[in-house]
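Hi,

Here is the structure I promised to pass on. Have a look first, and my notes follow below.

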Amino acid sequence: LSILEACPNDRQTLLFSATLPEKLNDHLGVLLKEPLSIQVEEEIEEADIREWAFVFKNEPYSELLVLMAQPWIRYAIVFCHTRQEAEETYQRLKAARRGQVAILHGGLTQKDRLQTIKRFKNHELQILVASDLAGRGLHIEALDLVVNMGFPKDKENYIHRIGRTGRAGLKGTALTFVHTSECFRWEEMEAYTGRSIERLDHLSDLLPLMEVKAPLAPGDHKQ
């Protein structure tokens, strides 16, 4: 808004956005004058994603480390709410995975963010710990799993997060860690999406339900 105040009153203002969250509607009257809206809709095939929720009482990291050690997980994204949570998750996974993990959030330089995305797309990394910065516009081939460290408060972010898996006709899996005090968010998300999010009592039960894929050989990685 401070930039607009420095602009002349007699002007033409154009607003382009891949998505337009409802919370921005109140600001459009300030930004635009009698705007003409043009929307381009893309026909998108509904993804085949199986959604799970795992309830924990104390801390989720011990279970997360066990999950990420499974050989069937070739490539996964772990979404966190805050930069601090992402940093802690990254440090724990990095110690367990010996450098096969990277982190992506708004605190990194543009150069570092692009380099990290490139490495992940080239399958040089197996796990990407990310804030919602990476939730939109990130296209990764054969992403086996999306993990949410809790349901996001912005329900639309959940849709964009899990939409990173189950692409190009492949089946996808999304798992959300839910603290016992936030199970209400689980019910709210089911009501919002209109889909069932199944309860997972033991993470070990997830493996038989997956399409088990053999880990890629070094020669199969993209260069």
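A search of the whole structure turns up 0 disulfides (pairs of cysteine sulfur atoms within 2.5 Å). Cys7 is partly exposed at 28% relative accessible area, and Cys183 is partly exposed at 23%; partly exposed is the range between buried (under 20%) and exposed (over 50%), with a 1.4 Å probe and protein chains only.

Before you read on: this is a predicted model, where local features need pLDDT of at least 70, side-chain atom pairs count only at pLDDT 80 or more, and totals for chains, interfaces and linings use all residues. Residues are numbered from 1 along each chain as its sequence is written, and side-chain values use heavy atoms, with hydrogens and water left out.

Now the inside. The largest nonpolar core (buried Ala, Val, Leu, Ile, Met, Phe, Trp, Tyr and Cys joined through side-chain atoms within 4.5 Å) has 27 residues, and Leu67, Met68, Leu145, Val147, Leu175 and Phe177 touch the most other members. Helix H3 (61-68) is one of the elements that supply at least two residues each, and H3 gives the largest share, 4 residues. Helices here are DSSP runs of H or I, at least four residues long, and are numbered from the N terminus.

Which residues does Leu175 contact, leaving aside neighbours within four places in sequence? Among them are Trp52, Phe54, Leu67, Val147 and Leu206, a contact being heavy atoms within 4.5 Å.

Another core, of 13 residues, lies apart from the largest one and includes Tyr75, Leu104, Leu138 and Ile140.

Cheers
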